[in-house]
Every structure is written in structure tokens, then in C-alpha cells.
Amino acid sequence: MPDRRYEVRVTGRLSQRARDAFAEMDVSEVTAETVISGLVHEDEQLHELLAAVQSLGLHVVSVQQVAP
């Protein structure tokens with residue numbers, strides 16, 4: 001399976017603890033949202049990313065596959 005790049009947008013700003021949970025991803029802040037993005041090599045990695053978002057209680061605005 002080829003690598004795919006995903007972007008997860010959540011509301012608000014992330015604490016350092018939350019940012020640390022996404023150490024292998026790019027985390028950037030735009031307006032009132034935080035964008036977590038990076039390459040996903042397998043479907044399992046996408047599930048793990050979404051599980052981390054859920055476990056931190058983050059409010060998801062959108063999840064989308066974007067151009068690499």
C-alpha cells in the first residue's frame with residue numbers, strides 16, 4: 001500500500017502533553033484549530049492516530065486525505 005498523507009483538524013490549541021502524543025506527525029496551529037498531519041503507511045496507523053485523538057478528548061473538525 002502506498003503512503004498516504006492525512007490531515008486531522010481539531011478545535012483549539014493542544015497542550016504540550018497532547019502535542020507529545022503526536023510526535024511523529026506535523027502539528028500546526030491555524031486560527032482556532034490545530035492541524036495534525038503526516039504520512040500514514042498502513043490503515044492501522046490511521047486507526048491509531050484517530051484513537052489517540054479520541055483518548056485525549058479532542059473535538060474533531062475534519063479528517064481528510066491530502067496530496068503528499
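This passage describes the sheet of a predicted model, the helix that lies across it, and two residues of its strands.

The sheet is an open one, built from four strands that follow one another in the order S2-S3-S1-S4, and the pairing between them is antiparallel. Strand S2, which covers residues 26–30, and strand S4, which covers residues 60–66, stand at the edges with a single partner strand each, so that one side of each is left without a neighbour in the sheet. From one strand to the next, the twist averages 20 degrees.

The pairing can be followed across the sheet in the order of its strands. S2 pairs with strand S3, residues 33–40, in the antiparallel sense over five bridges, and within this pair Val27 has Ile36 of S3 as its bridge partner. S3 is in turn joined to S1 by eight bridges, the two strands running antiparallel; here the bridge partner of Tyr6 is Gly38 in S3. Finally, S1 and S4 pair over six bridges, again described as antiparallel, and Arg9 has Ser62 in S4 as its bridge partner.

Helix H2, formed by residues 43–55, lies across S1 (residues 4–11), S3 and S4, and runs at about 10 degrees to S1. The helix has 13 residues, and the distance from its first C-alpha to its last is 18 Å, close to the 18 Å expected at 1.5 Å a residue. Leu46, Leu49, Ala52 and Val53 of H2 are buried. These four residues cover an arc of only 120 degrees around the axis, which puts them on the same side of H2. The spacing of such residues can be understood from helix geometry: an α-helix has 3.6 residues a turn, so residues three or four places apart point the same way. The cover over the buried residues of H2 includes S1, S3 and S4, whereas His47, Gln54 and Ser55, on the other side of the helix, are exposed. After H2 comes Gly57, whose phi is positive, near 70 degrees.

Two residues of the strands may be considered in more detail. Arg9 has its place in strand S1 and is partly exposed, with a relative accessible area of 24%. Its side chain makes polar contacts with two acidic side chains, that of Glu7 at 3.1 Å and that of Glu33 at 3.0 Å. When neighbours within four places in sequence are left aside, the residues in contact with Arg9 include Val30, Glu33, Thr34 and Val35, as well as His59, Val60, Val61 and Ser62. The C-alpha atom of Arg9 is separated by 13 Å from that of Ala52, a residue that lies 43 residues away along the chain.

Thr34, one of the residues in contact with Arg9, is found in strand S3. In contrast to the partly exposed Arg9, Thr34 is buried, with a relative accessible area of 0%. The side chain of Thr34 reaches the backbone oxygen of Gly12 at 2.6 Å. Apart from neighbours within four places in sequence, Thr34 is in contact with Val8, Arg9, Val10, Gly12, Arg13 and Leu14, and also with Val27, Ser28 and Glu29.

Methods. Residues numbered from 1 in each chain as written. Predicted model: local features only at pLDDT ≥ 70, side-chain atom pairs only at ≥ 80, totals over all residues. Heavy atoms only, no water. Pairing = 2+ DSSP bridges. Axes fitted to C-alpha atoms, helices over the stretch in contact; angles between N-to-C directions. Contact = heavy atoms within 4.5 Å. Expected span 1.5 Å × (residues − 1). Buried < 20%, exposed > 50% of the residue type's maximum accessible area, 1.4 Å probe, protein only. Arc of directions from axis to C-beta. Polar contact = N/O pair within 3.5 Å; in protein donor to acceptor, adjacent residues only side chain to side chain.
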